[in-house]
Each structure stands twice: as C-alpha cells, then as structure tokens.
Amino acid sequence: AFYIKYSGLRSDSTHFTLDGAPFRILGGSIHYFRVPRAYWRERLLELKACGLNTLTTVSFFIPSKLTHFS
C-alpha cells in the first residue's frame with residue numbers, strides 16, 4: 001500500500017496543519033532595536049514560555065544614498 005506523508009506547514013481555507021496535525025499559529029512581535037542585545041535571548045525565551053510559536057519583527061532599510069530612477 002502506498003500513502004502520502006504530508007510534512008511541513010500547510011494550510012487550507014480554514015486551518016493550518018503541521019506534519020498532518022492541526023496547528024494554531026500564536027505569534028508575537030519584538031522590536032529588537034528597542035531591546036539591548038544582552039537581553040534578546042531572555043526575551044525570546046519569555047515569548048516561548050508564553051506559548052508563542054511565531055515571531056515577527058521589523059527590518060529597517062535606510063539607503064545611504066537616494067537615487068531617482070526615471
């Protein structure tokens with residue numbers, strides 16, 4: 001007998017699954033530029049302890065020289 005093993009994160013119109021099991025994404029955010037680097041590990045472990053499994057952050061891009069394209 002052949003079977004297809006679904007692995008990884010998948011979604012359909014109503015829910016996510018991870019390796020075929022229902023999965024709920026619980027996310028949080030951290031602004032790394034507001035937290036001293038010495039505290040990053042502690043903050044990430046605190047988020048994990050709260051049950052979060054997804055992390056978002058912002059990334060800033062500030063070009064040193066702006067160029068106009070025509």
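This note goes through the predicted model point by point, from confidence and fold to individual side chains.

1. **Confidence.** The model is predicted, not experimental. Its pLDDT averages 84 across the protein. A score of at least 70 is reached by 79% of the residues. By element, confidence is lowest in strand β1 (residues 9-11), where the mean is 88. It is highest in helix α1 (residues 40-49), at 94.

2. **Fold layout.** The protein has one helix and five strands. Their order along the sequence is β-β-β-β-α-β. Contacts reach far along the chain: taking those with a separation of 6 or more, 53% join residues 24 or more positions apart.

3. **Burial and surface.** The protein has 70 residues, and 6% of them count as buried. The exposed area is about 6,900 Å². Carbon and sulfur atoms supply 59% of that area.

4. **A buried threonine.** Thr17 sits in strand β2 (residues 16-18). Is Thr17 buried or exposed? Its relative accessible area is 18%, and the limit for burial is under 20%, so Thr17 counts as buried. Set aside the neighbours within four places in sequence, and Thr17 touches Gly8, Leu9, Arg10, Pro22 and Phe23.

5. **Nonpolar patch.** Which residues make the nonpolar surface patch? They are Leu9, Phe16, Leu18 and Ile25. The patch covers about 320 Å². Ile25 belongs to the loop between β3 (21-23) and β4 (27-29). Its relative accessible area is 35%, so Ile25 is partly exposed. Patch members need over 30%, so Ile25 passes that cut-off. Leu9 has a second role here, as one of the contacts of Thr17.

6. **Aromatic cluster.** The count of aromatic pairs is two. Tyr32 and Phe33 make an edge-to-face pair, with ring centres 5.6 Å apart and planes at 80°. Tyr32 also pairs edge-to-face with Trp40, at 6.1 Å centre to centre and 85° between the planes. Why are both called edge-to-face? Because the label needs planes over 60 degrees apart, and the angles are 80° and 85°. Together, Tyr32, Phe33 and Trp40 form one aromatic cluster.

7. **Exposure in the cluster.** How accessible are these rings? Tyr32 has 32% relative accessibility and is therefore partly exposed. Phe33 is partly exposed too, with 39%. Trp40 has 28% and also counts as partly exposed. Each value lies between the 20% and 50% limits, so none of the three is classed as buried. In sequence terms, helix α1 spans residues 40-49, so Trp40 falls at the start of that range.

8. **Salt bridge.** How many salt bridges does the structure hold? There is one. Glu42 pairs with Arg43, and the closest N and O atoms are 3.3 Å apart. The cut-off is 4 Å, so the pair qualifies. Side chains of opposite charge can pair when their charged atoms come close. Glu42 is partly exposed because its relative accessibility is 39%. Arg43 has 29%, so it is partly exposed as well.

How values were computed
Residues are numbered from 1 along each chain as its sequence is written. Side-chain values use heavy atoms; hydrogens and water are left out. A salt bridge is a side-chain nitrogen of Lys or Arg within 4 Å of a carboxyl oxygen of Asp or Glu. Buried means under 20% relative accessible area, exposed over 50%, partly exposed in between (1.4 Å probe, protein chains only). Patches are made of residues with over 30% relative accessible area and no salt bridge: like charges are joined within 9 Å, nonpolar side chains (Val, Leu, Ile, Met, Phe, Trp, Tyr) within 5 Å. Accessible areas come from the Shrake-Rupley method with a 1.4 Å probe; for residues, only the protein chains shown count as cover. Helices (H or I, at least four residues) and strands (E, at least two) are DSSP runs, numbered from the N terminus. Contact means heavy atoms within 4.5 Å. Rings of Phe, Tyr and Trp (its six-membered ring) pair if their centres lie within 6.5 Å; planes under 30 degrees apart count as stacked, over 60 as edge-to-face and the rest as tilted. pLDDT is the predictor's confidence in each residue, from 0 to 100.
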